Amino acid sequence: MDTISRRKFLKLTGGAIAAGAAAPLLSITEIAEAAINRPLALGTPIVVVVTLYGGNDGLNTVIPYKDPIYYSSRPDISYAANTMLPIGEDLALNPGMAGMKTLWDQKKVAIVRGVGYPNPDHSHFSSMAIWQSGSPVSHVSTGWLGRYIDSQPEDPMLAISLGSVLPPLLAGAKRSGSALPLGGLVVPTGNLAIDCQKLSKVSNRDSKLMAAAATSMRNLFSVSTQVAPVLKLPAPAAVDLPTVNGGNAGGDSNLSQQLDVVAKLIAAGSPTKVWSVSLGGFDTHADEANAQAELLGVVSKSIYKFMSQMKSTNRASDVTIMVYSEFGRRVKGNASQGTDHGTSGPVFLIGEKVKGGFYGDQPSLTKLVDGDLAVTTDFRDIYGTVLESILKTPAEKILGNWSGRTNFLLDK
Amino acid sequence: MATISERVEIARLSHRFGFGPRPGEFASALKMGVSGYRSQTLTVPQIDIGASAIKEPEITDLGKRPAPNTPEVIPFAQAMRFQSQQLLLWWLDRMALSDHGLTERMTWFWHGHWATSIGKINYAMPMYLQNKTLRTHSLGNFKEMARAMINDGALQYWLDGNNSTIKAPNENLSRELMELFILGVNRYSEDDVKALARALTGYQVTNSSGTLTFNIKRHDANPITLLGTTAAFDGQSASDFLVVREDCATFIAERLWYRFVSSTEPLPNNSSIKSAFADRNIASAVKAMASDGAMSDAKNEMVRAPVEWFISLCRALNITPSKLSTPAQLISYLDKLSQTPFSPPNVGGWPADEAWLSSASAQYRIAFGKWILKQGDLSPITTLPQSSRIAKTADWLGVAEWSPRTQGALRNAVGDPEEFVLLAICSPEYLVSA
């Protein structure tokens with residue numbers, strides 16, 4: 001119902017297409033035509049990856065709230081038991097995560113516990129590089145979803161990251177995802193458009209990076225032509241949320257704005273199978289408790305609103321969200337009412353197709369490894385399932401010979 | 001006539017060891033030849049007239065933030081914003097107006113290395129002091145630099161040293177000191193991180209001034225075992241201990257290589273950069289790097305980060321960044337391109353190469369470029385006949401050569417100087433230091 005029609009698309013893109021129509025080397029019409037002719041087929045699975053930068057404290061996200069060791073290890077950082085949101089198995093969600101609790105009760109949330117990789121690295125950069133490259137053993141410069149992009153036919157709309165810098169996650173060896181800043185892209189018009197397209201043509205004299213520079217400008221034209229009109233549309237209504245003063249009572253944040261744009265584009269039928277959004281600020285070495293409840297509140301509210309928006313489109317059952325961070329944090333608090341870098345943490349998978357519940361073992365507070373939580377699930381198990389069972393692509397090319405899987409999806 | 005490989009090497013020296021040529025500089029560098037231009041690039045003059053003409057920013061200790069909802073809060077917040085903006089414009093001016101580029105270029109490198117963000121510090125004063133420290137040591141001895149940085153209020157506050165006590169040491173500074181500043185990742189163990197954190201306890205920072213004090217009562221003076229050596233360390237002795245290790249030479253050579261030569265090719269074994277750094281002299285390492293055969297190797301191309309791109313434009317167009325109208329607009333463009341000095345995204349500094357080449361940044365670069373060109377001096381090409389503009393623009397901007405593709409686009413716009421230059425500065429050949 002909200003899928004953009006061919007007619008509507010042509011009408012909305014009229015300006016941009018007319019401007020480009022005079023160009024002798026015009027590819028813009030072809031690209032727009034292609035987008036119109038191939039909106040993502042209904043029922044095509046879509047993955048939304050939410051990266052929490054800084055190392056989210058997993059132990060204060062999915063909290064073993066009946067365990068006295070939890071309270072004694074971090075007296076200044078633990079929450080009062082009556083504010084936490086119990087979800088069974090002696091675990092509770094962070095007090096800020098009411099929206100997530102609702103989705104959990106609706107059995108739409110899989111929580112994979114103790115996720116990490118062998119020999120955990122405590123550095124933000126190394127650990128994030130490991131998660132995003134999907135390669136804990138050897139250093140590779142491509143992202144796991146970048147390698148997925150490489151395996152697909154070239155399409156600048158296939159994978160899109162919100163924000164102007166592309167995360168390594170979507171960097172492939174041959175091709176990469178596109179970056180889309182909040183507010184969308186504004187393309188040059190008139191003569192400048194013609195010349196910019198000429199300037200960004202493939203040249204066989206280009207070095208690798210020059211070719212990448214040319215491609216980024218070419219993609220500006222192709223992505224923006226398809227995206228710009230859609231961004232002008234109102235966001236899909238969040239059907240479950242009360243409306244206050246013309247807006248949804250979901251609060252606002254950069255993450256929620258990012259997910260708003262994603263919701264609009266999904267509703268419009270953008271041929272995009274992978275979306276990447278992010279929120280930073282989780283490096284809570286100091287004064288953690290309030291800050292983290294606030295941040296997780298943003299995550300929880302934004303996702304709740306997004307899921308609600310999806311219901312007013314016909315793609316609600318196509319979307320799966322994955323939330324992860326580069327590591328959890330140390331069990332014991334430090335002197336600054338914060339925690340230092342740790343190891344494993346929970347990964348959340350959310351969607352209509354998800355079989356809600358717990359996966360993986362909760363790391364024990366009595367069997368710490370050097371003061372850190374043990375890793376009970378390898379993240380590649382989750383990636384494997386995302387690639388094979390959601391994106392329908394062989395995992396082997398992307399993750400190598402990795403056989404573990406986390407079966408968090410409903411049986412079909 | 002200079003050969004193409006001479007043009008490439010001179011363009012690299014100009015854009016990587018400085019911020020690109022002013023009008024006429026590239027042509028005279030070509031006449032000078034590679035080795036003459038290299039030694040000019042590496043020789044820091046006694047007096048830099050361009051840089052010394054820039055007034056220091058008016059930055060003062062603003063003291064504690066007044067209580068919320070008091071009348072003092074508004075002028076306080078305005079003063080905070082004003083000082084941060086003055087600080088940023090002052091540094092951009094130094095980059096653009098220095099006669100000799102190497103010192104600012106190295107200060108910029110070290111800012112990315114010891115990456116500290118005003119986002120957490122809030123006050124301009126500690127950031128200003130840190131910037132001066134980085135400049136003082138930018139081509140000096142790394143041992144002295146590391147000592148100075150251990151005692152830098154902004155860095156200590158940024159990495160939670162302010163809150164690290166014997167009762168509960170905070171590992172943030174300890175880890176980054178080894179991982180990102182001195183040794184490199186995985187050249188130490190988790191036990192070393194915990195041990196060094198204990199030795200680094202006891203510092204306290206007054207954040208409005210950046211003043212660092214040492215509180216012996218909060219310090220853990222017990223012996224620790226650090227990288228196999230058991231001794232009682234404090235910040236300075238721990239820093240000295242790390243700096244003399246061979247891993248430090250490897251790491252600093254790797255970082256220089258990554259930012260000046262190639263972010264994708266690994267530092268070769270037995271690199272001349274590392275051996276030149278044996279006594280921790282930064283200038284020697286930089287000289288070895290500029291003279292290395294790798295500087296003329298075609299595969300060692302680099303994307304110019306947004307600040308480098310912007311400053312090179314200022315130099316070509318005779319622009320003083322602080323005089324651009326308006327500074328707020330300038331800062332907004334830098335933000336959109338995701339690179340604002342004093343605000344690195346995290347303690348690892350800014351990314352490199354492909355990260356700057358998204359379709360989003362292509363859009364912002366066009367808009368930013370248009371805005372700058374309206375305020376710049378285009379006479380280096382408007383005074384020329386159209387027939388020679390394309391070739392002369394390569395010399396003006398310090399580009400080794402244009403591809404036939406780019407020449408084609410430039411030819412289309414040769415009668416419209418603003419659009420012509422806009423295309424040139426957004427071309428793959430200008431974005432990449434080939």
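Domain bounds here come from an automatic or database domain assignment. This is a predicted model, so keep that in mind as you click around.

**Stop 1: the domains of chain B.** Colour chain B by its three stretches: domain 1 (158-243), domain 2 (246-296) and domain 3 (302-433). Now put a centroid on the C-alpha atoms of domain 1 and another on those of domain 3 of chain B; the two centres are separated by 42 Å.

**Stop 2: helix 11.** Still in chain B, select 172-182, which is helix 11. How many residues of helix 11 of chain B are buried? Eleven of the eleven, so helix 11 is largely enclosed by the rest of the structure. The buried set includes charged side chains such as Arg175(B), Glu176(B) and Glu179(B), along with Leu173(B), Leu177(B) and Phe181(B), among others. To see what surrounds them, show helix 6, helix 9 (142-150), helix 10 (153-158), helix 12 (190-199), helix 13 (235-243) and helix 14 (246-260) of chain B, against which the buried residues pack. Just after helix 11 of chain B, look for Gly184(B), where phi is positive, near 100°.

**Stop 3: helix 11 against helix 12.** Keep those two helices of chain B and hide the rest. Their axes are 8 Å apart and the packing angle is about 120°, which makes helix 11 of chain B oblique to helix 12 of chain B. The crossing of this pair is right-handed. Show sticks for Ser174(B), Arg175(B), Leu177(B) and Met178(B) on helix 11, then Asp192(B), Val193(B), Leu196(B) and Ala197(B) on helix 12, and you have the contact. By type, these residues are five nonpolar, one polar and two charged.

**Stop 4: helix 6 against helix 8.** Next, select residues 102-113 and 124-136 of chain B: helix 6 and helix 8, with axes that come within 9 Å and cross at roughly 120°. Helix 6 of chain B is therefore oblique to helix 8 of chain B, and this crossing is right-handed. Helix 6 contributes Thr103(B), Thr107(B), Trp110(B) and His111(B), while helix 8 brings Asn131(B), Leu134(B) and Arg135(B). Here the split is two nonpolar, four polar and one charged.

**Stop 5: over to chain A.** Finally, bring chain A back. The contact takes 45 residues from chain A and 49 from chain B. On the chain B side, helix 11, helix 19 (359-373), helix 22 (404-412), helix 23 (417-425) and helix 24 (428-431) each supply at least two residues. Which helix of chain B gives the largest share? Helix 19 of chain B, with seven residues. Colour that side of chain B by type and you get 19 nonpolar, 17 polar and 13 charged.

How values were computed
Residues numbered from 1 in each chain as written. Chains lettered and ligands numbered in written order. Predicted model: local features only at pLDDT ≥ 70, side-chain atom pairs only at ≥ 80, totals over all residues. Contact = placed C-beta atoms within 7 Å. Helix = DSSP H or I, 4+ residues; strand = E, 2+ residues; numbered from the N terminus. Axes fitted to C-alpha atoms, helices over the stretch in contact; angles between N-to-C directions. Parallel < 35°, antiparallel > 145°, perpendicular 65-115°, else oblique. Left-handed = near helix turned anticlockwise from the far one by under 90°. Buried ≥ 20, exposed ≤ 12 C-beta atoms within 10 Å, placed from the backbone.
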